[in-house]
Amino acid sequence: MSASVITVENLVKRYKELIALDHFNLDIKEGEIFGLLGPNGSGKTTTMNCILSLLKYDKGVIKIFGQEMKPDSYEIKRNIGVVMQNVAVFDELTVYDNIDYFCGLYIKDKATRKQYVEEAIQFVDIEKFKDFYPKKLSGGLLRRLNIACGIAHKPKLIFLDEPTVAVDPQSRNNILEGIVKLNQAGATIVYTSHYMEEVEQICTRIMIMDKGKNITTGTAAELKKMIKNTETIHIEILNLPDSVIAKIKELTHVYKVEYTDNLLKVFYNGGKHNLIKVLDLLQKEDLSFGRVYSELPTLNDVFLEITGKELRD
Amino acid sequence: MFLHVYKYRLKTIFRSRVDLFWILLFPLLLGTCFYTAFHNITKSLEEFNTIPVAIVCEDDADLTFFKAYIDALSSEENNILSATYTTSDEAQSLLSDKKITGIITFKDSIPSLTFLNTDSTNTSVSQSILKELMDSYIQSLDILSNVEPEDTESLMAVIANLGQNADYIIERKLTDGNTDYMLDYYFSLIAMTCLFGSYSGHSCANFLKANLSAQGMRKCLSSTKRLTLILGDFFASCTFPVISNIILIIYLNYILKINLGGNVLLIILTAAIGSIIGVCIGLFIGAIPGIKDSLKNGIMTASSLFLSFLSGLMVGGIKYKIEKVVPIVNKLNPATVITDALYSLNIYDTHDQFFTCIAILAVTIVILCTLSYLMIRRESYASI
Ligand SMILES: Nc1ncnc2c1ncn2[C@@H]1O[C@H](COP(=O)(O)OP(=O)(O)OP(=O)(O)O)[C@@H](O)[C@H]1O
Ligand SMILES: [Mg+2]
C-alpha cells in the first residue's frame with residue numbers, strides 16, 4: 001500500500017448553525033485520482049478548503065504529506081496546486097502573464113519558471129492565445145487558463161474543484177485527458193464534481209458525499225457492487241396489460257417493474273440473458289414493441305439507492 | 001518574490017481602466033478646467049495699467065510720510081500709481097482732459113479724492129482701487145501716531161506693510177476676490193488625487209483577501225509568505241498614485257506654468273505621503289467584509305470628493321470658515337492637512353508648519369496601516 005498523501009480525521013465544519021461537514025474522514029493515497037462526488041451543497045468545496053487551510057474548522061486533524069497542515073505551512077503549500085471552482089485570473093494580465101504570475105508565487109528561479117510556464121501553456125493547449133487578455137477567451141479556454149495557473153509549478157498534489165463546469169465538450173475532453181496525464185506524471189489528484197460520468201471515467205477511487213458526510217468510498221466497480229441492481233431493461237411498448245406485467249414480475253432475478261408513459265422498466269438483481277427472456281415472454285403474449293435497451297447501473301443508481309434521492313436535482 | 005509580486009501588481013493597476021481614469025486622467029482634466037477658469041483672471045492681473053493721479057497739497061502739513069507711501073506705490077516694483085504733484089487748477093484741467101483718473105487732495109494730513117463723475121454708483125475699478133488705497137492709508141494713521149517721527153525704521157516697516165496691502169487690494173479688485181483662493185484650488189486638487197489613491201488601495205485589499213476574490217484565494221494558497229504578498233501589493237498600489245501625482249504636479253508647474261510656490265520636491269513629497277494615506281483608506285474600506293464592491297467604490301468616491309470639498313476643491317476658502325467653527329475637522333481631514341502642508345510651503349520661510357502637517361499625515365498612515373494589516377493578514381477564514 002502506498003503512502004497517504006492526505007488524511008482527514010473527524011473533521012467538523014460549521015457555518016453558524018449549518019453543519020457543513022459532520023465528523024468527516026478521508027484518506028487519499030499517493031498516485032490516486034480521488035473523486036469527491038456529491039450533489040450541490042453536499043460539502044465538496046468546503047472539504048477542499050478545510051484541507052487547504054483556507055477555512056478554519058471546528059474540529060478534526062488534517063495532515064498532508066504526513067505533516068499537519070496549517071495556514072502558514074508554506075513548505076507543504078509549495079507542493080500543492082489548486083484549480084478552483086471560480087475562475088481566478090487577472091483580467092488586466094495576458095494569458096502568459098497570468099500563468100507567470102501565479103507560477104512565480106511558487107518558483108523563484110527565473111529560468112525554471114519560464115520553462116514551467118511554457119510547459120503549462122502547451123499542456124492546456126493555449127499557445128495561440130498567449131498574448132490574449134482573459135476577456136477575449138471563450139468559456140472553455142478560460143477554464144484551461146485557470147487550470148494552467150493552478151498547475152504550472154508542477155505540484156505533487158493537485159486539487160480540482162469542478163473544473164469542467166460550463167465547458168464545451170472539446171475543452172472538457174482536453175481537461176479530462178490532461179488530468180489523467182498529470183496523474184501519470186506522478187501527481188496525486190483530488191477531483192470534485194457532480195458529473196458522475198466524469199468521475200467514473202477518470203477516478204481511481206470515488207467518495208460519495210451527502211450533507212457533509214461520507215456515504216461510501218470505493219472504485220466505481222466496488223460502489224456498483226454495493227447495490228442490488230445489476231441491470232435495468234427499458235422497453236417502449238403500447239398498452240401493456242396488467243396481467244403481462246404480473247408475469248414479468250415472476251421472471252427470475254426481477255425485483256421491480258415500472259410501467260409509465262408507455263415505457264416498461266424491468267429491474268434485475270442478477271442473472272444472465274435477461275433481455276432474451278423478457279423479449280421471449282412478450283413474443284409469446286403476441287405483443288409488439290419499439291425501442292429496447294439494457295442499462296448497467298450508474299453511480300446515480302448507487303446514490304439513489306443509498307440516499308433515496310437523485311444525484312442531480 | 002517581493003519584486004515579482006510588486007511588478008505584476010503594478011502591471012495590473014496600469015491596465016485597470018477605473019484606476020487610470022480616477023487617479024491619473026481625472027485630476028489632469030480637472031486641473032486643466034481650473035486653469036482655463038482662472039486664466040482670464042490671471043490675464044487681467046497681467047494687463048493692469050498704472051493709475052495716473054494728480055496730487056495737490058493744500059497746506060503746509062507734514063508730507064514725509066504720505067510722500068513715502070505714494071513713492072512706494074509708484075515704485076518700479078509696485079507700479080500702481082503714476083503721480084504728478086501739481087496745483088489745484090492744473091489738476092482740474094488734467095482731470096477734465098481725462099489725463100488722470102482722479103485728484104488726491106492732501107489737507108489736514110488727510111487725503112481726499114476727486115473724480116470726474118460724481119455719480120458714486122458708477123465708479124470704475126481704478127477709482128475704487130484709489131479709494132481703498134487712501135482708506136488703507138487713513139487707517140494706518142492711527143498706528144503712525146504711536147510711532148516716534150525719528151524712528152525711521154518703524155516708519156519704513158509701516159510703509160512696506162501698506163505697499164503689500166496695496167497688492168492685495170488690487171488683486172481683489174481686479175478679480176472679484178477669486179485669486180485669494182486660486183492656489184488653494186490647485187492644492188485641493190493634489191489632495192483629491194492623493195485620496196483617489198483609495199481606488200488602488202481597494203483593489204489591493206480585494207485581491208489579497210481570499211474571502212473577497214478568487215484571485216485572493218489563489219494568493220492565500222501559494223507558498224509565498226503572507227507578508228511578502230501584502231508588502232509587494234501595497235507598495236505597488238502606492239506607486240501608481242504617487243506617479244500620477246508627480247505627473248499632475250509637473251503638468252501644473254511646468255506645462256500650465258502655475259506657480260505652486262515652495263520647493264517642487266517638497267510638494268511631491270507631500271503628495272507622495274498623501275497618496276499613501278489615500279491607498280490606506282482604500283485598503284481599510286476594501287478589507288471590510290460583507291459590503292458590495294460597488295458600494296465600497298461609492299463610499300470612496302463620495303468621501304474623497306467630500307474631504308477635498310472641505311479642503312477647498314469647489315468652494316475656495318471653505319477651510320478657513322471650518323477653522324473658525326470646528327478646527328478639529330481640519331486636523332482630521334487628510335485633504336486639508338495636505339493642502340495646509342502645501343500652503344505652508346508657499347508662505348512660510350521656515351518649514352516648522354510644514355513638518356507639523358507631515359507629522360500628522362504620518363500618524364494617520366501608521367494608524368490606517370495597522371488597522372488594514374490586521375484585517376488583511378489572515379490566510380484562514382471562518383467563511384468564504
Ligand atoms: N460561506 C458560507 N456561509 C454559509 N454557508 C455556506 C458557506 N459556504 C458554503 N455554505 C453551505 O455549506 C454547504 C456545503 O457547501 P459547499 O460549497 O461545500 O458544497 P459543494 O458540494 O461544493 O456544492 P457545489 O456542487 O454547489 O459546489 C452548503 O449547504 C452551503 O450552502
Ligand atoms: Mg463546490
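Is Gln85(A) buried, exposed or partly exposed? I looked this up in a predicted model. Gln85(A) counts as partly exposed, because its relative accessibility is 29% and the class runs between 20% and 50%.

**Entry: magnesium ion**

I went to Gln85(A) because it is a donor to the magnesium ion, ligand 2, through OE1. The other protein donor is Thr45(A), through OG1. The two donors lie 1.8 to 2.4 Å from the ion. I then checked where they sit in the chain: Thr45(A) is in helix α1 of chain A, and Gln85(A) is in the loop between β6 (80–83) and α3 (95–104) of chain A. They are 40 residues apart, and the pair links distant parts of the chain. Thr45(A) has 26% relative accessibility, so I put it down as partly exposed.

**Entry: ligand 1**

I listed the surroundings of ligand 1 and found 16 residues. Those that come nearest are Gly41(A), Thr45(A), Thr46(A), Gln85(A) and Ser383(B). The site is shared between chains, because residues from both A and B surround the ligand.

Next I looked at polar contacts to the backbone. Gly41(A) has a polar backbone atom 2.8 Å from an oxygen atom of ligand 1. For Gly43(A), a backbone N or O atom is 3.0 Å from an oxygen atom of the ligand. From chain B, Ile384(B) places a backbone N or O atom 3.1 Å from a nitrogen atom of ligand 1. Ligand 1 taken alone exposes 630 Å², of which the protein buries 68%. Two elements of chain A, β2 (18–29) and α1 (44–51), give two or more residues each to the shell. The largest share, three residues, is from α1(A). I sorted the shell by class and noted nine polar, five nonpolar and two charged residues.

**Entry: aromatic pairs**

Over all chains I found 29 aromatic pairs. I took Phe196(B) and Tyr199(B) as one of them: the pair is tilted, with 5.8 Å centre to centre and 55 degrees between the planes. Both residues are buried, Phe196(B) at 0% relative accessible area and Tyr199(B) at 4%.

I also looked at Phe234(B) and Phe235(B). Their ring centres are 5.7 Å apart and their planes stand at 65 degrees, so I recorded the pair as edge-to-face. Phe234(B) is buried at 10% relative accessibility, whereas Phe235(B) is partly exposed at 39%.

Last, I noted an aromatic cluster with members from chains A and B: Phe90(A), Tyr101(A), Phe102(A), Tyr8(B) and Phe207(B).

Methods
Residues numbered from 1 in each chain as written. Chains lettered and ligands numbered in written order. Predicted model: local features only at pLDDT ≥ 70, side-chain atom pairs only at ≥ 80, totals over all residues. Heavy atoms only, no water. Near = heavy atom within 4 Å. Polar contact = N/O pair within 3.5 Å; in protein donor to acceptor, adjacent residues only side chain to side chain. Areas by Shrake-Rupley, 256 points an atom, 1.4 Å probe, with all protein chains shown as cover. Helix = DSSP H or I, 4+ residues; strand = E, 2+ residues; numbered from the N terminus. Nonpolar A, V, L, I, M, F, W, Y, C, P; charged D, E, K, R; others polar. Donors = N, O, S within 2.8 Å, 3.2 Å for Na, K, Ca; no water. Buried < 20%, exposed > 50% of the residue type's maximum accessible area, 1.4 Å probe, protein only. Phe/Tyr/Trp six-rings, centres within 6.5 Å; stacked < 30°, edge-to-face > 60°.
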